[in-house]
Amino acid sequence: ADVYHVTGDCNYMLLGISRKKAMLTIHDIGHLEQTLTGFKKAIYKLLWWTLPLIWSKKITTISEFTLNGVENNFKFLTSDKCSVVYNPFNPNFKFHENVRCNKKLKILQIGGGKNKNIEKLLEAVIGLDVSLILVRPKNDKLARILCDNDIAFEWQSGISEAALVELY
């Protein structure tokens, strides 16, 4: 191959390929900045970030925000090695004016990973007249919290792209 492009959560894989052909795309570094501490953070930073960043010939991020975070955490990076390449726009998503007609405000939350911070979302909407649309696998513990706090919600799971577009 002319280029080996690593994107996602396996940055360390770059260390096993030719340095001249290594490219890394970074989506975010929130786990490094917000979750980890101490020895775990030091090891993670070295193996997951520092060594792959040094090894990569080219680094892209999906936003200026992510690029700034990477540059702030890894001062050794040069601007000629890093650039922003935005995620592609899906043309199926179209803008529509927000017409509420006195209906309850709906909040769309997509994904079930820990990084989605559902607990803070629930905390934020307690007492508000909103309805949550949760695009994630059903979860009994989460359902109890929603019901105990009288938060209106609906589950959507395993939906098609067309259905997701409609929800948006």
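**Notes on a predicted model, starting from its last helix**

1. Let's begin at Leu-167, which sits in helix 6, spanning residues 161-167. Helices here are DSSP runs of H or I with at least four residues, strands are E runs of at least two, and both are numbered from the N terminus. Is Leu-167 buried or exposed? It falls in between: its relative accessibility is 22%, so Leu-167 counts as partly exposed. The scale works like this: buried is under 20% relative accessible area, exposed is over 50%, and partly exposed lies in between, using a 1.4 Å probe and protein chains only.

2. Before going on, a word on what you're looking at. This is a predicted model, in which local features need pLDDT of at least 70 and side-chain atom pairs count only at pLDDT 80 or more, while totals for chains, interfaces and linings use all residues. Residues are numbered from 1 along each chain as its sequence is written, and side-chain values use heavy atoms, with hydrogens and water left out.

3. Back to Leu-167 and its company. Setting aside residues up to four places away in sequence, Leu-167 touches Leu-108, Ile-133, Val-135, Gln-156 and Ile-159; contact means heavy atoms within 4.5 Å. Asp-150 is another matter: Leu-167 and Asp-150 are 17 residues apart in sequence, and their C-alpha atoms are 22 Å apart in space.

4. Now the whole protein. There are six helices and seven strands, and along the sequence they run β-β-α-α-β-α-β-β-α-β-α-β-α. The C-alpha atoms fill a box of roughly 55 × 40 × 25 Å along the principal axes. How does the radius of gyration look against a compact globule of 168 residues? The globule would have a value near 15 Å, but the protein has 20 Å. That radius is taken over C-alpha atoms, and the globule rule is 2.2 Å times the number of residues to the power 0.38.

5. Some totals. Buried residues account for 29% of the 168 residues. The protein exposes about 11600 Å², with carbon and sulfur atoms supplying 55% of that; the areas come from the Shrake-Rupley method with a 1.4 Å probe, and for residues only the protein chains shown count as cover. Of the contacts between residues at least 6 apart in sequence, 51% join residues at least 24 apart.

6. Which residue shows the inside well? Try Gln-109 in strand 5, residues 105-110. Its relative accessibility is 7%, which means Gln-109 counts as buried. Among the residues Gln-109 touches, leaving out those up to four places away, are Lys-116, Ile-118, Ile-133 and Val-135. A polar atom of the Gln-109 side chain also lies 3.0 Å from the backbone oxygen of Gly-111. For a polar contact, the pair must be N or O atoms within 3.5 Å; within protein, one must be able to donate a hydrogen and the other to accept it, and residues adjacent in sequence count only if both atoms are side-chain atoms.

7. Asp-28 is worth a look too. It lies in the loop between strand 2 (22-26) and helix 1 (30-35), and with 48% relative accessibility Asp-28 counts as partly exposed. Its side chain reaches the backbone nitrogen of Gly-30 at 3.1 Å. Leaving aside neighbours within four places in sequence, Asp-28 is in contact with Trp-49 and Thr-66.

8. Two loop residues have a backbone angle to check. Phi of Asn-117 is near 55°, a positive value in a residue other than glycine, and Asp-150 has a positive phi of about 55° although it is not a glycine. Asn-117 lies between strand 5 and helix 4 (118-125) and is partly exposed at 38% relative accessible area. Asp-150 belongs to the loop between helix 5 (140-148) and strand 7 (152-156); at 71% relative accessibility, Asp-150 counts as exposed.

9. Finally, the exposed residue Lys-94, with 58% relative accessible area. Where does Lys-94 lie? Its place is the loop between strand 4 (82-84) and strand 5. Lys-94 and Glu-166 are 72 residues apart in sequence, but 9.7 Å apart in space, C-alpha to C-alpha.
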